[in-house]
Amino acid sequence: FSAEREEKYVDLLVRRRVEGVLLVPFAKDAVSDDARLAKFVRAGISVVCMQQRLADSAVSQVLPDNFSAARDMTRHLIGLGHSRIAFLHGGLSPWFTSMNERLEGYRAALEEADLPFDDKLVAEAGTFESILPSEDEGAGAFNSDRVEALFREKNHPTAVFAPVDVLAIKVMSVARSIGMRV
């Protein structure tokens with residue numbers, strides 16, 4: 001993520017007088033998100049934000065139901081017979097609402113199935129930046145050692161819920177590297 005590069009793109013879109021913009025807000029930096037949105041609105045450009053909830057925003061938003069999706073995914077894994085399901089995430093900071101909603105959905109499914117919530121099965125597999133697609137592999141720290149250690153534990157998880165596709169790909173790579181079937 002580069003704030004400078006993003007600002008250049010915003011300016012380019014305003015200069016080109018586009019009619020509308022679909023935007024995935026980088027909620028970690030809400031102040032600059034608000035400034036960029038205001039720039040579009042002042043220029044008369046329609047804006048729809050998606051994926052990350054923007055609190056107190058007048059901009060239209062299209063949001064997934066993260067809680068239900070995570071609950072349903074965890075229910076599916078439970079239905080397959082799994083009872084030790086890891087939840088590997090890219091950070092649970094308060095601004096990262098979508099990941100926190102997914103964790104709550106995971107917890108709800110465990111509770112519904114009378115399975116205990118085990119905080120040892122919830123692990124930060126990397127930073128927020130590590131779950132973003134990037135050409136720059138150093139963009140964020142993915143903690144492959146932490147993932148591998150979890151997989152090598154005596155009472156290791158029988159299934160993993162990695163609620164972001166980029167993170168899931170990295171987790172699967174670690175699993176394959178130590179001979180686990182994915």
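**Exercise 1. Find which residue of S3 stands opposite Met 50, and describe its surroundings.**

*Solution.* Start with the pair itself: Met 50 stands opposite Val 62 in S3. A word on the model before going on: it is a predicted one, in which local features need pLDDT of at least 70 and side-chain atom pairs count only at pLDDT 80 or more, while totals for chains, interfaces and linings use all residues. Residues are numbered from 1 along each chain as its sequence is written, and side-chain values use heavy atoms, with hydrogens and water left out.

Step 1: place the residue. Val 62 belongs to strand S3, residues 60-62. Helices (H or I, at least four residues) and strands (E, at least two) are DSSP runs, numbered from the N terminus.

Step 2: check its exposure. Val 62 has a relative accessible area of 51%, so it is exposed. The cut-offs are under 20% for buried, over 50% for exposed, and partly exposed in between (1.4 Å probe, protein chains only).

Step 3: list its contacts, meaning heavy atoms within 4.5 Å. Not counting residues up to four places away in sequence, Val 62 touches Val 48, Cys 49, Met 50 and Gln 51. The C-alpha atoms of Val 62 and Val 48 are separated by 7.2 Å, with their positions 14 residues apart along the chain.

**Exercise 2. Work out how S2 is paired and which way its side chains point.**

*Solution.* Step 1: look at the partners. Strands S1 (residues 20-23) and S2 run parallel and are joined by four bridges; two strands pair if DSSP finds at least two bridges between them. In S2, Val 48 is the bridge partner of Leu 22. S2 and S3 also run parallel, joined by three bridges.

Step 2: follow the side chains along S2 (residues 46-50), which alternate. Val 47 and Cys 49 point to one face and are buried, whereas Ser 46, Val 48 and Met 50 point to the other and are not.

**Exercise 3. Describe the sheet that contains S4, and the helices packed on it.**

*Solution.* Step 1: read the order. This open sheet has three strands, S5-S4-S6, with parallel pairing. S5 and S6 are at the edges with a single partner strand each, so one side of each is left without a neighbour in the sheet. From one strand to the next, the twist averages 30 degrees. Angles run from 0 to 180 degrees between N-to-C directions, and axes are lines fitted to C-alpha atoms, for helices over the stretch in contact.

Step 2: zoom in on a pair. S4 and S5 are joined in the parallel sense over three bridges, and the bridge partner of Phe 87 in S5 is Val 122.

Step 3: add the helices. H4 packs on the sheet and touches S4, S5 and S6, with its direction at about 175 degrees to that of S4. H5 likewise packs on the sheet, touching S4, S5 and S6, and its direction makes about 175 degrees with that of S4.

**Exercise 4. Trace the core and the aromatic rings around Tyr 106.**

*Solution.* Step 1: find the core. A nonpolar core is a set of buried Ala, Val, Leu, Ile, Met, Phe, Trp, Tyr and Cys residues joined through side-chain atoms within 4.5 Å. The largest one has 31 residues, and Phe 87, Tyr 106 and Phe 161 are among those with the most contacts inside it. A second, separate core of 10 residues includes Val 10, Phe 40, Val 47 and Cys 49.

Step 2: examine the rings. Rings of Phe, Tyr and Trp (its six-membered ring) pair if their centres lie within 6.5 Å; planes under 30 degrees apart count as stacked, over 60 as edge-to-face and the rest as tilted. The structure holds three aromatic pairs. In one of them, Phe 87 and Tyr 106 have ring centres 5.2 Å apart and planes at 40 degrees, so the pair is tilted. This pair links distant parts of the chain, with Phe 87 in strand S4 and Tyr 106 in helix H4, 19 residues apart. For Tyr 106 and Phe 117, the centres are 6.3 Å apart and the planes at 75 degrees, so the pair is edge-to-face.

Step 3: compare exposure. Tyr 106 counts as buried at 1% relative accessibility, while Phe 117, at 33%, counts as partly exposed.

Step 4: put the rings together. Phe 87, Tyr 106, Phe 117 and Phe 161 form one aromatic cluster.
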